[in-house]
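I opened this notebook to record what I looked up in one structure. The entries follow the order in which I took up each topic.

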Amino acid sequence: MTRNQGTGGGRGQRAADWTDGRLGIYTLARANLRKIFPDHWSFMLGEICLYTFLIIILTGVWLTLFFKPSMGEIVYDGSYVPLKGVPMSEAYASTVDISFEVRGGLLIRQIHHWAALVFIAAMFVHMMRVFFTGAFRKPREINWLFGFLLLFLGMLDGFFGYSLPDDLLSGTGIRFVEGAILAVPLVGTYIQMFLFGGEFPGTDIVPRFFTIHVLLIPGIMLGLLVAHLILVFHHKHTQWAGPGKTEKNVVGMPLMPVYTAKAGGFFFLVFGLIAAVSALATINPIWAYGPYRPDQVSTDAQPDWYMGFAEGLVRVMPGWEVGLWGHTLNLGVLVPFTLFPLVLGAIAVHPFVEAWATNDRRERHLLDRPRNAPVRTALGAAWISLYLVTLAGGGNDLIATHLHLSLNTITYAVRVGFLVVPVAVFVITKRWCLGLQRRDKEKVLHGRETGVIKRLPHGEFVEVHAPLAPAELHRLTAHEQPRALELPAAVDDNGVAHPAGVLDRARARLSRGFHGDGARIAGPTAEEFHRAAAHHGATGHHPTAAQQPPAAQHAVTEHHENGGGRGH
C-alpha cells in the first residue's frame with residue numbers, strides 16, 4: 001500500500017483503480033481489446049460506412065451553427081451579387097452565406113454532401129458483400145436487418161438534408177414527394193398535413209425537415225449503429241474459408257494495437273479523400289439554381305443517385321387513373337410509390353426466406369464464395385440490374401439529350417427492361433457461377449495449366465499440369481455440397497398418407513431451386529481425384545496425399561454430416 005506513495009504514478013494508479021472500481025473499464029477492456037478481426041480488403045467496406053457517418057455528424061454539427069431553418073421571406077443583400085435584391089427564404093439566404101461569407105463554409109458544406117453520397121454508396125456495396133458471401137446467415141439475421149434499416153434511413157435522411165437549402169432544385173423534389181404522398185388512398189392527405197404542416201409550399205416545411213434531419217433520424221441511426229457494432233463484437237467476425245479456419249475460431253489480428261492502428265490510418269485516408277474531392281468537385285451549387293418558387297421548375301432536375309431509381313419508377317410508369325366512388329386513384333404515382341419500399345424490402349427479407357427454404361439452423365461463420373451459391377448470387381445480380389434499369393429511367397431526359405435519342409423510346413425501353421433484364425441477368429449469372437464451379441473442379445482434379453507441351457513415348461502430345469498448393473486446394477473445395485429438402489410425407493395416426501401441405505410443397509420447391517441438381521456442380525470425389533492423379537502421373541503431375549483436397553478426402557462423409565442440419 002505504501003509503494004509509489006506521493007508520486008504521479010501512484011496518483012494515476014489510484015485514479016485508475018477508483019474509476020475501474022465503479023465502471024469496470026479494465027475488465028471490459030481486457031475482454032474486448034484483444035478481440036480478433038480477420039484481415040481482408042472486403043471487410044474495409046463496413047469501416048468506410050462508419051467513418052463517413054462520423055464525418056457527416058461532425059460537419060453537420062458545424063453547419064447547424066450557421067444555418068437558419070426558417071421559411072420567413074427576406075430580400076437578399078449579401079456578397080453574392082447576382083442574387084442581390086431577390087426575395088428568398090432565410091434558409092436559402094443562410095445557406096448562401098455559409099457558402100460565400102463563412103470562412104471554410106463552402107468546403108464544409110461540400111464535405112457534408114459528398115460524405116453523405118459516399119456513406120450511402122458504401123452501405124450499398126457493404127450490404128451486397130454481406131449478401132453475396134452469405135454473411136447474413138444465423139446468428140446475424142438481426143444485424144442484417146439493422147444494416148438494411150441504416151441504409152433505408154440514410155436514404156431518407158439524405159432526402160431531408162438535400163431539401164433544407166430551399167433552392168429551386170430541392171423544392172422541385174419536395175413537390176414531387178408531396179404528389180406521391182397525396183396519391184396514397186385515405187391517409188395521404190393526413191400524412192401530407194403532418195409532414196408539411198399545411199398546403200404546399202407553406203411555411204413549416206424547412207423547420208420540420210430540419211428537426212427530422214438533424215435530430216430524429218440521426219438519433220435512430222446512431223442507436224442502430226451502436227447495436228450493429230455490439231452484435232458484430234458479440235457474434236465475432238465472419239471470415240473466408242482457409243487452412244486453420246473453422247466455424248469455431250477466428251484467424252486475424254487483435255483489435256489492440258494492430259487493428260486499431262490500421263483503422264485509425266484508414267479513417268484519415270477516407271477523410272482526406274473526401275476532403276480532396278470536396279475541394280475539387282462542386283456539388284449542389286444552390287446559387288446557380290436560385291431560391292424556390294412554386295411557379296418555376298428547375299430544368300435538368302435530378303435527385304441524388306441513391307433516389308434515382310424511385311424517380312425512374314415514376315417517370316416510366318404509365319399515367320393510369322381509376323375512378324372509385326367519386327374519388328380518383330392515381331396509379332401512375334401510387335404504384336411506383338408502393339414499389340419503392342417493396343424493391344428494397346425484397347433484399348431485406350431474403351435471409352429469412354433462404355433459411356426457411358433450406359431449413360439450415362446452424363450458426364455460420366465461414367463465408368461463401370459467390371460462385372458456390374449460384375441462385376443467391378443470381379438473385380442479387382438481378383436485384384442490382386433492376387435498380388440500374390430504373391436508375392436509367394430516372395435520367396431518361398439526360399440520356400435523350402446527351403445521346404440524341406427519343407425520350408419516348410427510352411421510356412418504353414425501360415418499361416420492357418424492368419420486366420426482362422432482371423430475368424436475363426438471373427439466368428446469365430447462374431450459368432456463369434456454374435461455369436466457374438466447373439472450372440474450379442477441373443483445377444482440383446487436373447491442376448493448373450502450365451502451357452508446357454510434352455510428347456509421350458507413344459507419340460501423344462499433352463499439356464503439363466502443375467499441382468495446386470494445399471492452401472489453394474482447400475480454398476477451392478472447402479464449401480459444402482448441400483442437398484435439396486425432400487417433400488415430407490404426411491401420415492396420420494392410422495398410418496394413412498396424405499398429400500403434403502401447401503407450405504411444405506412451397507418449401508421443397510424453393511429448396512430445389514437453391515440446392516437442386518441444376519443449381520450446383522457436384523464437387524470432386526476421392527475416386528475422381530485419384531483417377532485424375534493416376535492419369536497425370538505420366539505427364540509430371542504427381543499429387544501427394546498431402547495435396548489431396550479436404551472435400552475429396554471426406555466427400556461422402558461431409559455430404560451427410562453437412563446435410564444433417566438441413567432436415568434431410
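**Entry 1. A salt bridge between helices.** I began with Arg315, which forms a salt bridge with Asp397; their closest N and O atoms are 2.9 Å apart. I noted that the pair links distant parts of the chain, since Arg315 belongs to helix α12 (residues 308–316) and Asp397 to helix α16 (residues 396–403), 82 residues apart. I then looked up how far each partner is covered. Arg315 is partly exposed, with a relative accessible area of 24%, and Asp397 is also partly exposed, at 22%. I record here that the model is predicted.

**Entry 2. A buried pair.** I turned to Arg376 and found a salt bridge with Glu354, the closest N and O atoms lying 2.8 Å apart. This pair, too, links distant parts of the chain: Arg376 sits in helix α15 (residues 374–394) and Glu354 in helix α14 (residues 350–358), with their positions 22 residues apart. Are these two partners buried or exposed? Arg376 has a relative accessible area of 4% and is therefore buried, the cut-off being under 20%. Glu354 counts as buried as well, at 9% relative accessibility.

**Entry 3. A network of charges.** I next examined Asp360, which forms a salt bridge with Arg362 at 3.2 Å between the closest N and O atoms. Asp360 is buried, with a relative accessible area of 12%, whereas Arg362 counts as partly exposed at 23% relative accessibility. Through shared partners, salt bridges join Glu247, Asp360, Arg362, Arg364 and Glu480 into one network. For the record, I entered the count of salt bridges as 17.

**Entry 4. Gln239.** I looked up Gln239 in strand β4 (residues 239–240). Its relative accessible area is 1%, so I list Gln239 as buried. Which residues does Gln239 touch, leaving out those up to four places away in sequence? I found Pro38, Phe43, Lys245, Thr246, Asn249, Val250, Val251, His365, Leu366 and Leu367.

**Entry 5. Helix α5.** I traced α5 over residues 105–133, which makes 29 residues. From first C-alpha to last, α5 reaches 42 Å, close to the 42 Å expected at 1.5 Å a residue. I noted that α5 is mostly covered, with 22 of its 29 residues buried. Just after α5, Gly134 takes a positive phi of about 70°.

**Entry 6. Nonpolar cores.** I asked which residues touch the most other members of the largest nonpolar core. Within its 74 residues, these are Phe119, Met155, Phe196, Phe209 and Phe309. Helix α5 supplies the largest share of this core, 14 residues. I followed Phe196 further: leaving out residues up to four places away in sequence, Phe196 touches Ile174, Glu178, Ile181, Asp204, Ile205, Arg208 and Phe209. Another core lies apart from the largest one and has eight residues, among them Tyr92, Ala93, Ile286 and Trp287.

**Entry 7. The protein as a whole.** I closed with the totals. The secondary structure comes to 22 helices and twelve strands. Of the 568 residues in the protein, 44% are buried. Among contacts with a separation of 6 or more, 74% come from residues 24 or more positions apart. I entered the accessible surface as about 29,900 Å², of which 66% belongs to carbon and sulfur atoms.

Notes
Residues numbered from 1 in each chain as written. Predicted model: local features only at pLDDT ≥ 70, side-chain atom pairs only at ≥ 80, totals over all residues. Heavy atoms only, no water. Helix = DSSP H or I, 4+ residues; strand = E, 2+ residues; numbered from the N terminus. Expected span 1.5 Å × (residues − 1). Buried < 20%, exposed > 50% of the residue type's maximum accessible area, 1.4 Å probe, protein only. Salt bridge = Lys/Arg side-chain N within 4 Å of Asp/Glu carboxyl O. Contact = heavy atoms within 4.5 Å. Core = buried A, V, L, I, M, F, W, Y, C linked by side-chain atoms within 4.5 Å. Areas by Shrake-Rupley, 256 points an atom, 1.4 Å probe, with all protein chains shown as cover.
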